[in-house]
Amino acid sequence: MINYDFQYDVIVVGAGHAGCEAALAAARMGCSTLLLTINLDAIALMSCNPAIGGLAKGHLVKEIDALGGEMAKNIDATGIQFRVLNTRKGPAVRASRAQADKQLYRLRMKRVLEHQENLHVKQGEVTALSIDGGELRGVETRSGISFLGKTVVITTGTFMRGLIHIGLNNYPGGRAGDLPSVGLSDQLGKLGFNVGRLKTGTPARLDSRTIDFSRLEAQFGDDPPVPFSFSTERISMPQVPCHIAYTNPRSHEIIRSGLDRSPLYAGIIEGIGPRYCPSIEDKVVRFPDKDRHQTFIEPEGLDTVEVYPSGMSTSLPIDVQIVFYRSMVGLERVEIMRPAYAIEYDYIDPIQLHASLETKLIRNLYHAGQINGTSGYEEAAGQGIMAGINAALRVKGLEPLVLSRSESYIGVMIDDLVTQGTKEPYRMFTSRAEYRLLLREDNADLRLREKGHAIGLVSEHDYAAYLRKKEMIAAEYARVAATRLVMDESQQQFLIKRGLSDIQKGTSLEQLLRRPDISYSDLAEFDHVSRETPQTVLEQVQIQLKYQGYIDRQLDQIERSAKLENTSMPADLDYLAVNGLTTEVREKLSRNRPDTLGQASRIPGVTPAAISVLSIAIKAHAGRSAAEESQ
C-alpha cells in the first residue's frame, strides 16, 4: 500500500447527495478536503426518481440551503417542473418539489465540486479504513493508495456489498451500471459496528416515443415556478409537464402471476424494504381490494426520451415487467429502455452515532446517508452537510454543531436515528416533528441562516440579503400594528364588500389580518404598502399573526423541555449500576449510550420514571467526580 504524500483535513467517501454536501461544507469551511468516488461520471447521479423535494423532504432541502448547502441551488438551476404541494393546507405541511433534468443536475454538481477551493476530487474505491493503534489515520483504496486524513466521512449509499435483483437473477452492483463497494462493511463489522441489510428498488425507464400521451392526464407545474433556494431570484429553465397513468385489474393479475419469480416473495431478498415506498408487487399483495394504482410519468430531462414511472418500482422478471407496463392505458406499445430492479445493501445501525454523526466506536469517523439506514436524496444530503460541518469543526478544535428537534427537520431526523435506530429505510415525514408549525419551509432561513454564517458556509452576500429580509419583516410587523383604519371611501367599500359591518374605525391592520377570512391579498385593495412589499415578507408576518396562539404554545413546550435537552449524560456512567432502573431500561441505555437526557427520554421503553432516576444518578455522578478532582 502506497501512502499518498499529503494529509487531508477531511476525507469524504462517496459522491452521492450526502457526499457532495459533506465535501462542499468541509472545503468551504477552509479544510483541505478529499472526495473519493468509484466513478467520477456518477457524481450526484439520481439513481431513482429524477426529482428533489416533496412532503417533508422539501423542508430538508430548504434547511440545507439555509445552512449554506448546494442542493437547492442545484435543482433551481436544472429543474424542469416546480410545484408547491399541499397549498390548500396549513403552512406547516406545504412542501416544494421539482423535477430535474437528471444529467444537467449531475453535471452542474460535478462542476461545482471541481471548482470549489480546498476540494480535491478523485476516482477510487475505498476498501478499508486505515487504523493504527485504535486511531483513525485515513482510508485505503483498491488501487493500492492509502490517503491520510484527520477525519473521515463515509457516505457509501447503496454500494456496500450491493446486490441487484431482476427476477430470480442477481449480480453485484452499487446501482445498475456501477460496481459495488466490497470490503469496507466487513471491516466495520469486525470493528464492532452492527451491520444490517436493507433493500430498495427503482422502476423501469420507459421510451416516451412509445407512449400515447393523448390518453393520459397532463400535470403542469406552477406558473411562475417557485425556487427552492433563498438565494435564487427566478427559474430560467424551460418547464415541461408530467402525465398521470393508472394500473388496472389486468395489471394486477399479471403481477400476481409472476410472484413465484419475484425475489421478494421467493425469499431470495433478505433486506427489509421501505415501508412508505413499496414495490408495485407489494402494493398489489397488501391492498388486494384496490383496483388501480397511480403513477406519474416523469421526464428524465429535456434532451432525452427516457421517462420515469414513479411508484412502479419492481424486481419482477423482465418478461413480466414488459407485459405489466403494457397493460396500462396509453402504454400498450411502450418499450423498456432500462429494466426495473431491486437492490440490497449493507448499512450500519445509527444508534452507534453521536448526534454530531461521529461514530461512538471510532473518534473522527462520521457516517452520513444511506449507510445510516435512511432513504432519499434529501435525507442523505441533510446528514451529509451536518457530517461535513462537524468533521471540519473537529479539525478546527471547535464544538460540534448539533441541531435540535425544535429548530430543524434535520435535527428531528438525526435525533430519530441516533436514539431509536432503524430496522427499515427511514423516510422523513412532517408527522415526525412535534414542533412542525415552527419548522416550516418558508422560515428555514430565519431558523438556520445565522448558524450557517457563523460557521463560514453562508456567503456575506447571502447573509446581507437575509438581514435585509429580517429587518423588513420586523418593520412590516410594526407597521400593521400601528396602522389603523380611518374609514375613508376605499376602506368602507372593502368592508361592505366582505360583510364586515362589525369593524370599527381605529381597528388596526394587525387585527384585520388575525381574522381567518382576511389576508394580505385582501388588504392590497386599499393598502398600497401591502401591494409593494415583497411576498416573502408578507408571508412571514401573516403566518405569525394568524397562528400566534399555536406558535406560543409550541415555544412554551420547547422551553419546558429545554432542561432535558441540555443535560449531558456522563460518558462513563455505568447504567447497570444505577439503582431504580429496570433490567430492560439498563440494557437499552447501555446499548444506546445517549448523549443527553433528552435523547434518553426518546429511547423506546425508557419511561418518565426512569428519566427521574437518571436525573438523580447524573447529579450523584457529578458530585463524585467533583470530590475526586478535589482530592
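What follows is a talk about how the terms used for this predicted model are applied.

Colleague: What makes a residue or a feature eligible for discussion here?
Modeller: This is a predicted model, in which local features need pLDDT of at least 70 and side-chain atom pairs count only at pLDDT 80 or more, while totals for chains, interfaces and linings use all residues. Residues are numbered from 1 along each chain as its sequence is written, and side-chain values use heavy atoms, with hydrogens and water left out.

Colleague: Why is Pro225 called buried?
Modeller: Buried means under 20% relative accessible area, exposed over 50%, and partly exposed in between, with a 1.4 Å probe and protein chains only. Pro225 has a relative accessible area of 18%, so Pro225 counts as buried.

Colleague: Where is Pro225, and what is it in contact with?
Modeller: Pro225 sits in the loop between strand 14 (217-219) and strand 15 (242-246). Helices (H or I, at least four residues) and strands (E, at least two) are DSSP runs, numbered from the N terminus. Contact means heavy atoms within 4.5 Å. With neighbours within four places in sequence left aside, Pro225 is in contact with Phe82, Ile235 and Gln239. Phe82 is 143 residues away along the chain, yet the two C-alpha atoms are separated by 5.4 Å.

Colleague: What makes strands 14 and 18 edge strands?
Modeller: Two strands pair if DSSP finds at least two bridges between them. Six strands form an open sheet in the order 14-15-16-17-13-18, with antiparallel pairing. Strand 14 and strand 18 (336-338) each have a single partner strand, so one side of each is left without a neighbour in the sheet.

Colleague: How do you know that strand 13 pairs with strand 18?
Modeller: Strand 13 (residues 205-207) and strand 18 are joined over two bridges in the antiparallel sense, and at least two is what pairing asks for. Leu206 stands opposite Ile336 in strand 18. Helix 8 (residues 318-326) packs on this sheet, touching strand 13, strand 17 (306-309) and strand 18, and its direction makes about 130 degrees with that of strand 18. For such angles, axes are lines fitted to C-alpha atoms, for helices over the stretch in contact, and the values run from 0 to 180 degrees between N-to-C directions.

Colleague: Which strands stand at the edges of the sheet with the order 3-5-4?
Modeller: That open sheet has three strands and antiparallel pairing. Strand 3 (51-53) and strand 4 (79-85) have a single partner strand each, so one side of each lacks a neighbour in the sheet. Three bridges join strand 3 to strand 5 (residues 95-100), and Gly53 stands opposite Arg97 in strand 5. Helix 2 (residues 57-67) lies across strand 3 and strand 5, at about 80 degrees to strand 3.

Colleague: What makes a space a cavity, and how many are there?
Modeller: On a 1 Å grid over the protein atoms alone, a cavity is a set of points where a 1.4 Å probe fits but cannot get out; lining residues have an atom within 4 Å of a point. Grid points are joined across faces, edges and corners, and a volume is the space filled by probe spheres set on the points. The count is two cavities of 30 Å³ or more. The largest has a volume of about 40 Å³, and its lining includes Lys199, Pro274 and Tyr341. The second largest has a volume of about 30 Å³, with His17, Met71 and Ala381 among its lining residues. Helix 1 gives the largest share of that lining, three residues.

Key
On a 1 Å grid over the protein atoms alone, a cavity is a set of points where a 1.4 Å probe fits but cannot get out, and a pocket is an open set with protein on both sides within 12 Å along at least five of seven lines; lining residues have an atom within 4 Å of a point.
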